[in-house]
Amino acid sequence: MKNHCFHSVQKSLLAFVKFIITGILLGILLFCRAEHNSGLNDTEDKARTYLQFYNPALELPLLFHDVQISGIFPDSKTFPDCQPKISPDSIAIFYEDQKDQEVFDLKNFIDDFFSCPVDSISKIDFSVEKNIEFHLHSLWNYLIHQDLHDSTMNSLLPLVFPYVVPGGRFREIYYWDSYFTMEGLAASGRMDLVKDMLNNFVYLINECGHIPNGNRSYYLSRSQPPFFAEMVKLLMRESNDAEGLKYLPALVKEYKFWMNRVPSRNSGKTVEIDNVLLNRYWDEYSGPRPEAYRKDYLLARQFQAEEHEMIYRNIRTACESGWDFSSRWFRDGKSIKTICTTEIIPVDLNCLLYNLELTISKLYALKQLSDSSEWFNNKASERKELIGRIFWNEEEKFYFDYDILKGQRTNTYSLAAIFPLYFKIATTSQAKEIAKTIELDFLFDGGLITTLSTTGEQWDAPNGWAPLQWIAVCGLENYGYKDLANKIASRWLALNNAVYQRTGKMMEKYNVMDLKLPAGGGEYPLQDGFGWTNGVYLGLRRKGYVPEKWVE
């Protein structure tokens, strides 16, 4: 017993000495880093505000790689969202020292040095006996986050105001999700939260120069479909036009982000077509996504080393589109191995930027700044003309994305074609043809499929998504196709109801072709919560649509 105590004390003393030595070494390392960084100018310091936040893939590259490849977390997003308990520099030193020891256990090491995230929504047990709308109005309170931490040792970038998260594994705000969430918040009378989220996006634009994919350090290299202008218009619709004026500077900054022209045709978000700039999605980084590291890494290993950067960037860029993943981005229309997102000019993205240009023009007109208003109006007109000419296929009577490499339209039928109706870009004859195709080819018992392809990816058939149902319903309303809009809305609402009655949950996506089966595809299990599904349901009900088979 005495020998055991002696060895325990000896072990503790050795650990303490080791800790002191490690602390001294870390002090020297951090001092050297501070000296090295002292030459940064003020502009760089300001730009690095959010870059100073913990990014595990960059600060703990060896440990991060080993954890993600090991598969100790079934979801690759878990570890990037873990919060280190001590400095990453200290963790890196401890890991380097311990990892080759015979008794080393990686999972125990993570448990010792990190706090893992919890999905709060998973702990809520809602009874299916509750009215679905009562459930949804109540659910906002469980999806609200308020960032109270100010520590940079967290991949979560703190926001100033409360915000609504989608739910499940998605524990942060997401850019384009938030517009559809806001429609539901407006229906719930929660304009306070709509304003808070808008102000958070202004904060992000001012801090980052753009709205990132989400408020995580590992999302900073990309944005998402630019719905900020639609959010501002929602606020103006619910209040008055003057409310939008305060957001004009942020709208202009976002426009500059998307229109920033890179000299090389092979990089950046702009592509010149007939002396007019159109836009594509583009991620600034070209490595594996931290939140899906293992999948990206293993996929890239199937290619030559010189192709890895291209594969990684195209995968990341597809995530900026929000459609991750879809046959829209596959060269062969079938396999992610042929992903070529950066070579595609998307019709929906350019409709969104047309809307941004028009919104800025309108707000400048309200400020009686006619020259600026006219400039943006002209840009919108140029883009509108090119959308009609580049994306519309007169033979197929449908809008398609444009393949830069081939210099021609793609042949992928997708619900992106409904965006020109949503933003009133399509002619009446074009809208008529789109409506025909939507009803004949896309409409099923549960609503609209996303594309006509079945690839196993989540943004293809048989899945339907709330945001695209909303875009389609509103777009068809714009051109008087109210009967078709009603079919889509009522079937979608009925499917939402049926799944809720079975599970007590609202899902991220739904199988609209076989109503007895759950949605499939994707890089993670089916998520419940779910912000934009809740928002679209309440928004459609507010418009007066009812489910085909209403269940109280």
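Helices are DSSP runs of H or I with at least four residues, strands are runs of E with at least two, and both are numbered from the N terminus. The model described here is predicted.

## Overall make-up

The chain has 552 residues, and 53% of them count as buried. Its secondary structure comes to 21 helices and 15 strands. Take the contacts between residues at least 6 apart in sequence: 69% of these join residues at least 24 apart.

## Lys77 and Arg316: two buried basic side chains

Lys77 sits in the loop that runs from helix 4 (61-70) to helix 5 (78-81). Is Lys77 buried or exposed? Lys77 is buried, because its relative accessible area is 0% and the cut-off for buried is under 20%.

What does the side chain of Lys77 contact? A polar contact of 2.5 Å links the side chain of Lys77 to the side chain of Asp81. Further along the sequence, Lys77 touches three arginines, Arg169, Arg171 and Arg216. Aromatic partners of Lys77 include Phe170, Tyr174, Tyr218 and Tyr219. Glu172 and Glu291 also touch Lys77. This contact list leaves out residues up to four places away in sequence.

Arg316 belongs to helix 14. Arg316 is buried too, with a relative accessible area of 5%. A polar atom of the Arg316 side chain lies 2.7 Å from the backbone oxygen of Gly287. Beyond four places in sequence, Arg316 is in contact with Asp283, Tyr285, Ser286, Gly287, Pro288, Arg289 and Pro290, and also with Ser221 and Arg222.

The table sets these two residues beside two exposed ones, which come up again below.

| Residue | Relative accessible area | Class |
|---|---|---|
| Lys77 | 0% | buried |
| Arg316 | 5% | buried |
| Lys424 | 54% | exposed |
| Asn275 | 70% | exposed |

## Backbone exceptions

Most residues other than glycine have a negative phi, and most peptide bonds are trans. Several places in this model depart from that pattern.

Where is the peptide bond cis with omega near 10 degrees? One such bond runs from Asp324 to Phe325. Phe325 lies in the loop between helix 14 (308-321) and strand 7 (344-345). Another cis bond, with omega near 10 degrees, joins Ala461 to Pro462. Pro462 is placed in the loop between strand 13 (447-448) and strand 14 (463-465).

Positive phi values occur as well. Lys424 has phi near 60 degrees. The loop holding Lys424 links helix 17 (419-422) with helix 18 (428-442). Lys424 counts as exposed because its relative accessible area is 54% and the cut-off is over 50%.

## The hairpin of strands 5 and 6

Strand 5 and strand 6 are antiparallel partners, joined by four bridges. Val271 stands opposite Leu278 of strand 6. Two residues separate the strands of this hairpin, and Asp274 there takes a positive phi near 50 degrees.

Asn275 also has a positive phi, near 65 degrees. Asn275 is in the loop between strand 5 (270-273) and strand 6 (276-279). Its side of the story at the surface is plain: Asn275 is exposed, at 70% relative accessibility.

## A three-stranded open sheet

How many strands form the open sheet with the order 7-10-11? Three strands form it, and their pairing is antiparallel. Strand 7 and strand 11 (408-409) are the edge strands, each pairing on one side only. Strand 10 (residues 402-403) pairs with strand 11 over two bridges, in the antiparallel sense. Within that pair, Asp403 stands opposite Gln408.

## Helix 20 against helix 21

Helix 20 (residues 482-503) and helix 21 (residues 531-542) have axes that come within 11 Å and cross at roughly 130 degrees. Helix 20 is therefore oblique to helix 21. The crossing of helix 20 past helix 21 is left-handed.

Which residues meet between the two helices? Helix 20 contributes Ala489, Trp492, Leu493, Asn496 and Asn497. Helix 21 contributes Thr533, Val536, Tyr537, Leu540 and Arg541.

Definitions and conventions:
Residues numbered from 1 in each chain as written. Predicted model: local features only at pLDDT ≥ 70, side-chain atom pairs only at ≥ 80, totals over all residues. Heavy atoms only, no water. Buried < 20%, exposed > 50% of the residue type's maximum accessible area, 1.4 Å probe, protein only. Polar contact = N/O pair within 3.5 Å; in protein donor to acceptor, adjacent residues only side chain to side chain. Contact = heavy atoms within 4.5 Å. Pairing = 2+ DSSP bridges. Axes fitted to C-alpha atoms, helices over the stretch in contact; angles between N-to-C directions. Parallel < 35°, antiparallel > 145°, perpendicular 65-115°, else oblique. Left-handed = near helix turned anticlockwise from the far one by under 90°.
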